[in-house]
Amino acid sequence: MSDEHAKTPADHIGNTVAQLKEMRHYSKNNVETLTAEWLLFDGELSKLKLADKIADLMDRQGQLHEALEAAITDLEDVLEKMQPEPEE
């Protein structure tokens with residue numbers, strides 16, 4: 001790779017933030033889908049006694065979503081600090 005195409009640390013961080021944001025999007029959708037499934041297993045399918053298993057998955061997916069949010073915020077803060085000061 002030539003010098004003009006070499007990625008800077010800021011480029012790597014920016015790429016990572018973009019990937020984490022995509023993961024966050026899917027994580028949010030997964031939480032919503034699991035919530036809908038939990039409602040089914042807590043209601044109509046309650047005789048199967050599987051609502052707790054779905055609830056556990058919802059909790060774990062929610063924890064992943066929260067961790068992604070925190071990582072995105074931290075990396076965006078680092079990226080912001082790496083930007084050069086504006087010239088006056």
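Here is a walk through two helices and the residues where they meet.

Keep in mind as you look that this is a predicted model. Start with helix 1, which runs over residues 9-42. Does its length fit what you'd expect, or what should its 34 residues span? At 1.5 Å a residue they should cover 50 Å, and the end C-alpha atoms of helix 1 are 48 Å apart, which agrees.

Now bring in helix 2, made of residues 51-82. In general, a pair of packed helices is described by two things, the angle between the axes and the distance between them. For helix 1 and helix 2, the angle is about 160° and the axes lie 8 Å apart. Angles over 145 degrees count as roughly antiparallel, so that is how helix 1 and helix 2 are arranged relative to each other. Their crossing is left-handed. As for what the contact between helix 1 and helix 2 is made of, its residues divide into 23 nonpolar, eight polar and seven charged.

Next, look at which residues of helix 1 are tucked away. Ile13, Val17, Leu20, Ser27, Leu34 and Phe41 are the buried ones in helix 1. An α-helix has 3.6 residues a turn, so residues three or four places apart point the same way. And what covers the buried residues of helix 1? Helix 2 is part of that cover.

Ser27 is a good place to zoom in. This residue sits in helix 1, and with a relative accessible area of 1% it is buried, since the cut-off for that word is under 20%. Setting aside neighbours within four places in sequence, Ser27 is in contact with Gln61, Leu64, His65 and Leu68. Two of those partners deserve a visit of their own.

Take Gln61 first. Gln61 belongs to helix 2, and its relative accessibility of 15% makes it count as buried. Not counting residues up to four places away in sequence, Gln61 touches Ser27, Asn30, Val31 and Leu34. Ser27 and Leu34 should ring a bell, as both are among the buried residues of helix 1.

Then move along to Leu68, which is also found in helix 2. Is Leu68 buried or exposed? At 5% relative accessibility, it counts as buried. Its contacts, leaving aside neighbours within four places in sequence, are Leu20, Met23, Arg24 and Ser27. There's a nice link across the chain here too: Leu68 and His25 are 43 residues apart in sequence, and their C-alpha atoms are separated by 9.9 Å.

Methods
Residues numbered from 1 in each chain as written. Predicted model: local features only at pLDDT ≥ 70, side-chain atom pairs only at ≥ 80, totals over all residues. Heavy atoms only, no water. Helix = DSSP H or I, 4+ residues; strand = E, 2+ residues; numbered from the N terminus. Buried < 20%, exposed > 50% of the residue type's maximum accessible area, 1.4 Å probe, protein only. Contact = heavy atoms within 4.5 Å. Axes fitted to C-alpha atoms, helices over the stretch in contact; angles between N-to-C directions. Parallel < 35°, antiparallel > 145°, perpendicular 65-115°, else oblique. Left-handed = near helix turned anticlockwise from the far one by under 90°. Nonpolar A, V, L, I, M, F, W, Y, C, P; charged D, E, K, R; others polar. Expected span 1.5 Å × (residues − 1).
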